[in-house]
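Q: I would like to learn how to read a metal site and a helix pair from coordinates. Can we go through both on one example?

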Amino acid sequence: MLKIYEYLDKHNEEHLQQLIEFLKFPSISSKSEHNNDVRNCANWLVEHIRSIGGENVRLYETGGHPVVYADFLHSDNAPTILVYGHYDVQPVEPFELWNNNPFEPIVKDNKIFARGASDDKGQLFIHIKAFESILKVTGSLPINIKFLFEGEEEAGSNHLDDFIKNNTELLRCDSVVISDTEWFDFGLPSICYALRGIAFVEVKVKGPNRDLHSGSYGGTVDNPAEVLANIISRLKDKYGRITIPRFYDGVLELTQEEKDEFARLPFNEKKYCESLGIRQTFGEIGFSTLERVWARPTLEVNGIYGGYTGEGAKTIIPAEASAKISMRLVPKQNAEEITKLFVDYIREIAPPTVALEVKALHGGNPVITPIDTIWMQKAKVALKDAFGKEPVFIREGGSIPICETFQNVLGASPVLIGFGLPTDNTHSPNENFSLENFFGGIKAIANYYMLLKE
Ligand code: BES
Ligand code: MN
Ligand code: MN
């Protein structure tokens, strides 16, 4: 292992420059104007993996953005691991709040700033460099490895499910490894054993056939913006509990052991509030902040729009108003079922004065994995060796929709060894990735691959 660590130390600068090249592609999956950028990024990845010794490297078409696949399968009696990551990124707006161009990466304070630096290009690249370093130093690989990098995660992974179902032989593996999650805190390596799922819907309330003069019609025609506000106000009670009937049916409760584990983590409510610029937290009554975000389902309005929002006044009753709403789901909830409950409920409470249009944009089921497997326990050893600190097992509130498919279709629970930090500003302006975690992450993952051999 020492030789590999030495090799990595010697090649830090080179690896950083390569990551910068990778980050320059504006591979924003949710905007069709970037379709070519996404594809160019995938092609760059293919060329890069080929150049460092990956085999069977190619793009697979999915009907959406392409999948990048590569493998190296030369260890007959060793396990096969599938490494998943995503090379697509979130949009960059609001652009003016960035201190640098999000696709012209800069290094400052030992962090690299760019869209995708942490989520997920930097973390994905850790695996490529770990693979490369072992191959360069030892001339072979202790395990069999398959890389599966998708270009649609941030848009809901809409085509990956079918791709996996149609390619089970290609993707057959003993374990799945994913680096796309966060540490609990700076300096505290973390392994994640549960993610929330998501159900995302767009609701449109339609009233009159055009915007109306609010003087001529105010008082006679129901207002779609107000109807929408009323509907939204009836989705949660004042205790933060969601009021959709049967929403909580079957929710997997935390065990006392898990609650105790959560309470032992170094969480400081006051600092949490300060870091967010809020006066106090808000959430479902009866649960701690960590319990709420890791193990309770929620509902959020992501955006609400309609009517006149430009400068000055314009006196109208808007023809329509819309909201984008997401629900985070926890183990034993199902995205499709929850979407149906949501739609049934808002149809029931909407007044007869308007028409409702509901679109389900995407969904993904929650995932929970066992901790006491060799895959998880070796991850712990590898992280401790590379970072010199005992890792903690945590849950996280975000979603990686494809995780459940790995469990159900490939029969492999994902091992979530992430290297992000809560200060990475993922999905926000000034996204960044700690270089300490980038370089340390490569060592940890190289170490992990070596450990999986036995
Ligand atoms: N890497 C995140 C998921 C994540 C976030 C895990 C925070 C752990 C902590 C992923 O790229 C992501 O953003 N997922 C989306 C999924 C959605 C677009 C379907 C999410 O969680 O909003
Ligand atoms: Mn991600
Ligand atoms: Mn993301």
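Q: How are the donor residues of the manganese ion (ligand 3) spaced in sequence?
A: In this predicted model, the donor residues of the manganese ion (ligand 3) follow the pattern D-x34-E-x272-H. D119 lies in the loop between β5 (111-113) and α4 (121-138), and E154 in the loop between β6 (144-150) and α5 (160-166), so these two tie together parts that are 35 residues apart in sequence. Both D119 and E154 are buried.

Q: Which atoms coordinate the manganese ion (ligand 3)?
A: D119 contributes OD, E154 is listed twice through OE, and H427 contributes NE2, at 2.1 to 2.6 Å.

Q: Why is the arrangement around the manganese ion (ligand 3) irregular?
A: Six donors count as octahedral if opposite donors are over 155 degrees apart and all others between 65 and 115. Here the six donor atoms subtend angles of 54 to 157°, which makes the arrangement irregular.

Q: Which residue bridges the manganese ion (ligand 3) and the manganese ion (ligand 2)?
A: That is D119; the two ions lie 3.6 Å apart.

Q: What describes two packed helices?
A: The angle between their axes and the distance between the axes. Helix α2 (residues 12-23) and helix α3 (residues 35-51) pack at about 150°, with axes 10 Å apart. Angles over 145 degrees count as roughly antiparallel, so α2 is roughly antiparallel to α3.

Q: Which residues make the contact between α2 and α3?
A: Q18, E21 and F22 come from α2, and C41, W44, L45 and H48 from α3. By class, four residues in this contact are nonpolar, two polar and one charged.

Note on methods. Residues are numbered from 1 along each chain as its sequence is written. Chains are lettered from A and ligands numbered from 1 in the order in which they are written. This is a predicted model: local features need pLDDT of at least 70, side-chain atom pairs count only at pLDDT 80 or more; totals for chains, interfaces and linings use all residues. Side-chain values use heavy atoms; hydrogens and water are left out. Donors are N, O and S atoms within 2.8 Å of the metal (3.2 Å for Na, K and Ca); water is not among the atoms, so sites may look incomplete. Four donors count as tetrahedral if all angles lie between 85 and 135 degrees; four count as square planar and six as octahedral if opposite donors are over 155 degrees apart and all others between 65 and 115; anything else is irregular. Helices (H or I, at least four residues) and strands (E, at least two) are DSSP runs, numbered from the N terminus. Buried means under 20% relative accessible area, exposed over 50%, partly exposed in between (1.4 Å probe, protein chains only). Axes are lines fitted to C-alpha atoms, for helices over the stretch in contact, and angles run from 0 to 180 degrees between N-to-C directions. Angles under 35 degrees count as roughly parallel, over 145 as roughly antiparallel, 65 to 115 as roughly perpendicular and the rest as oblique. Contact means heavy atoms within 4.5 Å. Ala, Val, Leu, Ile, Met, Phe, Trp, Tyr, Cys and Pro count as nonpolar, Asp, Glu, Lys and Arg as charged, and the others, Gly among them, as polar.
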